[in-house]
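Student: I should like to learn how to read the features of a protein model in order. Could you take me through one?

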Amino acid sequence: MSPVRRCSRTACSQPAVFTLTYVYADSTAVLGPLATYAEPHCYDLCAEHAERLTAPRGWEVVRLPSEAARPSSDDLEALANAVREAAKPSSPGTGEPVGQGVEVGRRGHLRVLRSARPQRDR
């Protein structure tokens, strides 16, 4: 099986680049970027068939922009910065306490910890 999805139109072997979905309640055909997963009630179309798409009389065709599906360089840079920030080691004294739990039980590689009681000065 090929990892590239093909156009749903009969005898067309072109790669699919758009997904067509019908909203029967609104009499609308929605043509948007290729869906992440193939759905049973959606149709994958190649560029040629998507361009020539017409809807039945009384129906509306909504064409979603395909560029919205591609993340911009700003989006990718913001994501990379967020990952870098999350990977930075936290400064001492902040965050969750480390090494203060008391082991109560163990099951395989999992441990059950109970927080140690804080010591009070007398």
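Tutor: We shall go from the overall chain to the sheet, then to ring pairs and single residues. Please bear in mind that this is a predicted model.

Student: How many helices and strands does the protein chain have, and in what order do the elements run?

Tutor: One begins with the inventory of elements. The protein chain has two helices and six strands, and from the N terminus these elements run β-β-β-α-β-α-β-β.

Student: What do the totals for the protein chain say about burial, surface and contacts?

Tutor: Of its 122 residues, 13% count as buried. The accessible surface comes to about 10800 Å², and carbon and sulfur atoms hold 52% of that area. Among contacts with a separation of 6 or more, 48% are between residues 24 or more positions apart.

Student: How should I read the sheet, and which strands stand at the edges?

Tutor: One reads the strand order and then the direction of each pairing. Here an open sheet of four strands has the order 3-1-2-4, and its pairing is mixed. Strand 3 and strand 4 each have a single partner strand, so each stands at an edge with one side lacking a neighbour in the sheet. Neighbouring strands of this sheet are turned against each other by 25 degrees on average, with direction ignored.

Student: Which pairings run antiparallel and which parallel?

Tutor: Strand 1 and strand 2 (residues 28-33) run antiparallel and are joined by six bridges. Strand 2 and strand 4 (residues 60-63) run parallel, with four bridges between them. Individual partners can be named as well: T28 in strand 2 is the bridge partner of V23. Towards strand 4, V30 stands opposite V62 and L31 stands opposite R63.

Student: What should I look for in the hairpin of strand 1 and strand 2?

Tutor: One looks at the length of the connection and at its backbone angles. This hairpin has four residues between the strands, and S27 takes a positive phi near 50 degrees.

Student: How are aromatic pairs classified, and how many are there?

Tutor: The distance between ring centres decides whether two rings pair, and the angle between their planes decides the class: under 30 degrees is stacked, over 60 is edge-to-face and the rest are tilted. By this rule there are four aromatic pairs. For Y22 and Y24, the ring centres are 5.9 Å apart and the planes stand at 35 degrees, so this pair is tilted. For Y22 and Y43, the centres are 6.1 Å apart and the planes stand at 70 degrees, so this pair is edge-to-face.

Student: Where in the chain do Y22 and Y43 lie?

Tutor: Y22 belongs to strand 1 (residues 18-23) and Y43 to strand 3 (residues 42-45); 21 residues apart, they form a pair that links distant parts of the chain. Ring pairs also gather Y22, Y24, Y43 and W59 into a cluster.

Student: Are Y22, Y24 and Y43 buried or exposed?

Tutor: Relative accessibility gives the class. Y22 is partly exposed at 27%, and Y43 is likewise partly exposed at 38%. Y24 counts as exposed, with 61%.

Student: What surrounds D44, and is that residue buried or exposed?

Tutor: One takes the element, the accessibility and then the partners. D44 lies in strand 3. Its relative accessible area is 8%, so D44 is buried, the cut-off being under 20%. The side chain of D44 has a polar contact of 2.8 Å with the side chain of R5 and another, of 3.2 Å, with the side chain of T19. Beyond its neighbours within four places in sequence, D44 is in contact with residues including R6, C7, S8, A16 and F18.

Student: Where is H49, and with which residues is H49 in contact?

Tutor: The same reading applies to a helical residue. H49 is placed in helix 1 (residues 47-51) and is buried, with a relative accessible area of 13%. Leaving aside neighbours within four places in sequence, H49 is in contact with C7, R9 and C12.

How values were computed: Residues are numbered from 1 along each chain as its sequence is written. This is a predicted model: local features need pLDDT of at least 70, side-chain atom pairs count only at pLDDT 80 or more; totals for chains, interfaces and linings use all residues. Side-chain values use heavy atoms; hydrogens and water are left out. Rings of Phe, Tyr and Trp (its six-membered ring) pair if their centres lie within 6.5 Å; planes under 30 degrees apart count as stacked, over 60 as edge-to-face and the rest as tilted. Buried means under 20% relative accessible area, exposed over 50%, partly exposed in between (1.4 Å probe, protein chains only). Two strands pair if DSSP finds at least two bridges between them. A polar contact is a pair of N or O atoms within 3.5 Å; within protein, one must be able to donate a hydrogen and the other to accept it, and residues adjacent in sequence count only if both atoms are side-chain atoms. Contact means heavy atoms within 4.5 Å. Axes are lines fitted to C-alpha atoms, for helices over the stretch in contact, and angles run from 0 to 180 degrees between N-to-C directions. Accessible areas come from the Shrake-Rupley method with a 1.4 Å probe; for residues, only the protein chains shown count as cover.
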